[in-house]
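Trainee: Before I use this model, I would like to go through burial and salt bridges. Please show it to me.

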Amino acid sequence: MERDEHGRSDGIWSGGMRRMGWRTVLGVAGLLAVCCAADAVRGATLREAVDVAPRETIAMVCVPSLSGLEREFLAAAKRSALDGMLPAAARLPVAGLREKFQLGDAFDPDGAMVVGVLNASAFLELWQRGFVLIPAKNPKALIEGMEGRSGSDEGLWSVKVHGTPCYAAVRGKHVVVAQFEATAKAIAADPGRSLGDILSREDLQSLARQDVFVWVKLEEALKLVKPQIDMFTSMSLLA
């Protein structure tokens, strides 16, 4: 069978495969398979988190994988002059997080962590609507490690986060923590409506590839911020 200078036979390129080597081809294929598997795991953990976050969430900062973020951060630090300048807690953020917030071994560093804010009727109420979703291998053990005490409401616990009294509840593989009881109750109630209902599969796949991302409902956020902007604008005109 005749071949041209590019190793083509009847229009099919074949010579280059031999030049590259089957070991290289299999290595590349294996690497792609590992990357796809990692993306699938991150996508699954992110899905678990957004299925817990209420649909009323107006904004959130999410880390799809804390251990993945740590690896990327340490690799970037080693490539720069920052490595020797960083304190121990910064060089090992997952271990630092465990120690600072008393999360212990029940904490799951491979899961997705979310810091979010529920919608409010006024801008000045937003600070009372904040919450954190902490991934856990054993949610109950994680709560107990935060000095958790079962409260009067079913499923709601009193905990301490870095010495600050808060409220917690178990939702799937996550522990919901909020400083204000009403916010914790709103998430613990599980109304069946979550961010997972409004984020498409394509959105989740794209977001899962990020080390960290910020998501905001701009239209609703602007409704809350606009009165504040108008007030400051009026004050500046009067000055």
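Trainee: What percentage of the residues in the chain is buried?

Mentor: This is a predicted model: local features need pLDDT of at least 70, side-chain atom pairs count only at pLDDT 80 or more, and totals for chains, interfaces and linings use all residues. Residues are numbered from 1 along each chain as its sequence is written, and side-chain values use heavy atoms, without hydrogens and water. Buried means under 20% relative accessible area, exposed over 50%, and partly exposed in between (1.4 Å probe, protein chains only). Of the 239 residues in the chain, the buried share is 33%.

Trainee: Which residues of helix H7 are buried?

Mentor: Helices (H or I, at least four residues) and strands (E, at least two) are DSSP runs, numbered from the N terminus. H7 spans residues 181-188, and its buried residues are Thr-183, Ala-184 and Ile-187.

Trainee: Why are they on the same side of H7?

Mentor: The arc is taken from the directions from the helix axis to the C-beta atoms. The three lie on the same side because the arc they cover around the axis is only 100 degrees.

Trainee: How many salt bridges are there?

Mentor: A salt bridge needs a side-chain nitrogen of Lys or Arg within 4 Å of a carboxyl oxygen of Asp or Glu. By this rule, the count is three.

Trainee: Which residue meets Glu-48 in a salt bridge?

Mentor: Glu-48 is partly exposed at 29% relative accessible area. Its partner is exposed at 52%. At 3.4 Å, N to O, the side chain that meets Glu-48 is that of Lys-173.
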